[in-house]
Amino acid sequence: MYPKVRFRGFDEPWKKVKLGEISEKITQKNNNSCSQFPVLTNSAEYGIVYQKDFFDKNIAINTDNYYVVHTEDFVYNPRISKQAPYGPIRVNHLKTGVMSPLYYIFKIKDDFNIGFFEFLFIGNKWHKFMYQNGDSGARSDRYAIKDKVFNKLPIYIPQKIEEQKLIFEINHKINSLLYLQQRKLELENKLKKQIAFYLYSFTLTPNFKHIEVKNKKLGDIVDISNGIMGDSQKKSGNFKLTRIETISNGKIDLSRTGYIDQVSDEKKFLEVGDILYSNINSLTHIGKNAIVKEKHLPLVHGINLFRLHITNNQITPNYLHGLLNLPKYKWWVKSHANPAVNQASINKTELSSLVIKYPDLDIQNQINNINYSFAQYWDIQYSKKESLCQLKQFLLQNLFI
């Protein structure tokens, strides 16, 4: 009856209650036309809590039988997906709206801090209870929760409303900081793309004017090779083996590799400066690439990723890596890929024909240095975001029972 982490000054045990004892179901029908109130969209089912477009004002349907929902009410889809186990969602950024009667709407009674429950439903282990007591429907990936089951949901709450308020405030502050940090990264990512455009078009500084640019096919600059077959799902082994997911975030993630025990061809070991290139993927992600650094080795080149090994000493790996991430080169690869049902692919011959433009090594190194400084700053900001995510997860797991 005690959480693992508490605020100083509170030592009473928490109390166990049922959700139906502290909440009240909303059943007020909408008797106005749909133009009066915005309409709840299906996005609620997927746990979109803090978005201002939670409700859609432009849905032209008859909403006379829809329920009226107000800010600080909670909504819940009782026909929830097993793959997306989201809890009740607190309505924000809205005074009044309407939603389908298929949803369950309730409000917390005035004796409690509403904000506390907003985070309780995120961190609480309620989904297991719902899953065990829900009825499977026609679709095997969903189950339905009846009102009486929902009202029996056991939850633990502090006896004093002051403690409820403090728990809400600290979680709300962390959420706000996390939102701001994420927004900062989004804006800096736009800046990064804009800087890259000016850098690689040689218009960022006066020193870059009248630069002689060489044009060569990618196949004349790099050796493009396939990786070796291995068990990409293997959890241990003598050597790490790359797979598509290894470069899913644009960097080499050593936590997302397979393993292999023996490598008969030493040339399959990656070297510093090699570029891993996604040649088989969805059309959105094809062309994604990452550069190999010293900290990644030893690493074996696995199947389903091309290895670009530079054979021309007139271009640096970092410059080529930045070049391949420019929108125009990404677009070229997408336009030359062979589409399939759920994925696309580009072969070595086609990729080799991509024309690369590059200046002399001195200009390349100047551009690399600018990119390196920006990348360091980006990594710091991204680490701050990750730290906030970890702190948020810690609080959700330890401030609640």
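**Exercise 1. Classify Arg-307 and trace its salt bridge.**

Arg-307 is buried, at a relative accessible area of 6%. Buried means under 20% relative accessible area, exposed over 50%, and partly exposed in between, with a 1.4 Å probe and protein chains only. This is a predicted model: local features need pLDDT of at least 70, side-chain atom pairs count only at pLDDT 80 or more, and totals for chains, interfaces and linings use all residues. Residues are numbered from 1 along each chain as its sequence is written, and side-chain values use heavy atoms, with hydrogens and water left out.

Step 1. Find the partner. Asp-274 forms a salt bridge with Arg-307, and the closest N and O atoms are 2.7 Å apart. A salt bridge is a side-chain nitrogen of Lys or Arg within 4 Å of a carboxyl oxygen of Asp or Glu.

Step 2. Place both ends. Asp-274 lies in the loop between strand E17 (258-260) and strand E18 (275-277), and Arg-307 in strand E22, so the pair ties together parts that are 33 residues apart in sequence. Helices (H or I, at least four residues) and strands (E, at least two) are DSSP runs, numbered from the N terminus.

Step 3. Check the cover of the partner. Asp-274 is buried, with a relative accessible area of 1%.

**Exercise 2. How many salt bridges does the structure hold, and which residues are linked in a network?**

Step 1. Take the total. The structure holds 7 salt bridges.

Step 2. Name the network. Salt bridges link Arg-6, Glu-12, Lys-160 and Glu-163.

Step 3. Inspect one pair. Arg-6 forms a salt bridge with Glu-12, with the closest N and O atoms 3.9 Å apart. Arg-6 is partly exposed at 22% relative accessible area. Glu-12 is buried at 16%.

**Exercise 3. Describe helix H5: its salt bridge, its surface patch and its packing.**

Step 1. Locate the pair. Arg-183 and Glu-186 both lie in H5, 3 residues apart, about one turn of the helix. They form a salt bridge, the closest N and O atoms being 3.4 Å apart. Arg-183 is partly exposed at 38% relative accessibility, and Glu-186 is partly exposed at 36%.

Step 2. Find the patch. Tyr-179 is found in H5, residues 161-200. Tyr-179 is exposed, with a relative accessible area of 58%. Leu-177, Tyr-179 and Leu-180 form a nonpolar surface patch, with about 350 Å² of accessible area together.

Step 3. Add the packing. H5 and helix H9 (residues 361-398) pack at an angle of about 165°, with their axes 10 Å apart. That makes H5 roughly antiparallel to H9.

**Exercise 4. Which residues of helix H6 are buried?**

Step 1. Count. In H6 (residues 317-324), 6 of the 8 residues are buried.

Step 2. List. The buried residues are Tyr-319, Leu-320, His-321, Gly-322, Leu-323 and Leu-324.

**Exercise 5. Examine the backbone at Pro-298, Glu-72 and Asn-304.**

Step 1. Start with the peptide bond. Leu-297 and Pro-298 are joined by a cis peptide bond, with omega about 0°. Pro-298 sits in the loop between strand E20 (289-291) and strand E21 (299-300).

Step 2. Turn to Glu-72. Glu-72 is not a glycine, yet has a positive phi of about 80°. Its place is in the loop between strand E5 (67-70) and strand E6 (74-76). Glu-72 is partly exposed, at 36% relative accessibility.

Step 3. Finish with Asn-304. Asn-304 is not a glycine, yet has a positive phi of about 75°. Asn-304 lies in the loop between E21 and strand E22 (306-310). At 33% relative accessibility, Asn-304 is partly exposed.

Conventions
Patch = residues over 30% accessible without salt bridge, like charges linked within 9 Å, V, L, I, M, F, W, Y side chains within 5 Å. Areas by Shrake-Rupley, 256 points an atom, 1.4 Å probe, with all protein chains shown as cover. Axes fitted to C-alpha atoms, helices over the stretch in contact; angles between N-to-C directions. Parallel < 35°, antiparallel > 145°, perpendicular 65-115°, else oblique.
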